[in-house]
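Please work through the following exercises on the structure shown below, each of which is followed by a solution that goes step by step.

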Amino acid sequence: MSEITNAVRDILGTVRASSWKSFFGCELSWYYSNVMGLRIPSTGVAATGTAIHAGTAVFDAARLRGEEPSVEEAVAVAMASLHNPEEEVAWDDVKDFKDAEAIVIKLTTKYCNEFAPTRHYVAIETRCAALDIRTDYGVVRTTGTIDRVRELPDLRRGVTDLKSGKQATEKNDDGTRRAAIGAHHLQVGIYTLMAEVALNEQLEAPAEIVGLSTTKEAPIAAADIPDVKTALLGKEGYVGMIEMAAKTLKDGLFRPNPGAFTCTKTWCAGYPRCPYHA
């Protein structure tokens with residue numbers, strides 16, 4: 001099983017917390033971006049999510065400081081992010097950008113007015129020190145900024161991560177909605193490990209995904225993930241995914257996944273040179 005360590009030697013590589021999902025989606029695509037440093041323009045979908053993240057974070061941070069949060073300020077920050085992105089964005093056309101403006105305003109406003117008051121956060125956008133995880137193959141270093149840490153009424157704490165997109169929520173059998181989990185448990189699992197070290201406490205509450213759907217109706221829904229550590233750290237009889245990643249980093253053999261939905265020139269920086277897709 002993998003374990004947290006203070007070791008700084010024998011580091012096989014650094015995996016950003018936000019990239020663990022993409023690592024296991026296609027190791028070779030991850031290698032192109034994170035080792036070779038190949039870059040492609042960001043998508044409108046990603047830029048929209050970044051803008052919503054920026055605006056909602058400003059609102060929640062004000063609440064955390066005990067200040068009166070401003071929905072107007074949150075929307076202004078979100079729109080500023082959309083209009084002045086930190087990286088190049090490839091918009092399909094003007095209509096896409098106008099649609100993004102509308103959904104950023106709608107979702108940021110809805111989150112601030114309806115969802116944020118239902119949560120008590122104790123940390124917002126917390127950048128943690130690099131975390132070293134020892135495996136049988138060497139040390140994997142992970143870095144990142146934790147989205148949010150919530151505190152439940154019983155004082156248990158857990159990581160919360162906001163996710164946006166057209167499929168960010170899904171319907172339950174009774175017609176209500178929940179956040180789509182997908183492979184997000186890998187990212188919030190890493191965030192949980194990092195937060196426990198940063199806060200010097202065990203996070204006993206389930207991790208939480210908050211889905212902000214960028215569809216016309218713009219529903220917002222949450223879903224708990226009771227166990228986010230086992231898949232990463234493993235248990236008796238089962239190798240953890242961090243151990244698997246360490247072996248990949250040590251061997252230098254990054255396997256392709258032509259079946260991944262990201263196996264397109266829009267999402268993969270190495271697509272033009274990759275010989276494994278159709």
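**Exercise 1.** In this predicted model, determine with which handedness H3 passes H4, and how the two helices are directed relative to each other.

*Solution.* The crossing in which H3 passes H4 is right-handed. For the direction, take the axes of H3 (residues 44–64) and H4 (residues 71–83), which come within 7 Å and cross at roughly 150°. Angles over 145 degrees count as roughly antiparallel, and H3 and H4 are therefore roughly antiparallel to each other. On the side of H3, the contact is made by Ala47, Thr48, Thr50, Ala51, Ala54, Gly55, Val58 and Phe59, while H4 contributes Val71, Glu73, Ala74, Val77, Ala78, Ser81 and Leu82. Sorted by class, this contact of H3 with H4 has ten nonpolar, four polar and one charged residues.

**Exercise 2.** Decide whether valine 71 is buried or exposed, and list its contacts beyond its neighbours within four places in sequence.

*Solution.* Begin with the location, which for valine 71 is helix H4. Its relative accessible area is 16%, and because buried means under 20%, valine 71 is buried. Once the neighbours within four places in sequence are left aside, valine 71 is in contact with Phe59, Thr109, Cys112 and Asn113. As a distance check, the C-alpha atoms of valine 71 and aspartate 173, which are 102 residues apart along the chain, are separated by 33 Å.

**Exercise 3.** Describe the largest nonpolar core and find which helix gives the largest share of this core.

*Solution.* The largest nonpolar core has 40 residues, and those with the most contacts inside it are Trp20, Ile146, Val188, Ile190 and Ile242. Helix H6 (residues 184–199) supplies the largest share of this core, namely seven residues. A second core of 26 residues is separate from it and includes Ala51, Ile103, Ile124 and Ala218. Returning to valine 188, and not counting residues up to four places away in sequence, one finds that this residue touches Val159, Asp161, Ala207, Ile209, Ile225 and Val228. As a general background, nonpolar side chains tend to be buried together in soluble globular proteins.

**Exercise 4.** Identify the buried residues in H8, and then establish where glycine 270 is found.

*Solution.* In H8, Ile242, Glu243, Ala245, Ala246, Thr248 and Leu249 are buried. Just after H8, glycine 252 takes a positive phi of about 75°. Glycine 270 is found in the segment after helix H8 (241–251), and with a relative accessible area of 0% glycine 270 is buried. Not counting residues up to four places away in sequence, glycine 270 touches Tyr32 and Leu38.

Key. Residues are numbered from 1 along each chain as its sequence is written. This is a predicted model: local features need pLDDT of at least 70, side-chain atom pairs count only at pLDDT 80 or more; totals for chains, interfaces and linings use all residues. Side-chain values use heavy atoms; hydrogens and water are left out. A nonpolar core is a set of buried Ala, Val, Leu, Ile, Met, Phe, Trp, Tyr and Cys residues joined through side-chain atoms within 4.5 Å. Buried means under 20% relative accessible area, exposed over 50%, partly exposed in between (1.4 Å probe, protein chains only). Helices (H or I, at least four residues) and strands (E, at least two) are DSSP runs, numbered from the N terminus. Contact means heavy atoms within 4.5 Å. Axes are lines fitted to C-alpha atoms, for helices over the stretch in contact, and angles run from 0 to 180 degrees between N-to-C directions. Angles under 35 degrees count as roughly parallel, over 145 as roughly antiparallel, 65 to 115 as roughly perpendicular and the rest as oblique. A crossing is left-handed if the near helix is turned anticlockwise from the far one by less than a right angle, and right-handed if clockwise. Ala, Val, Leu, Ile, Met, Phe, Trp, Tyr, Cys and Pro count as nonpolar, Asp, Glu, Lys and Arg as charged, and the others, Gly among them, as polar.
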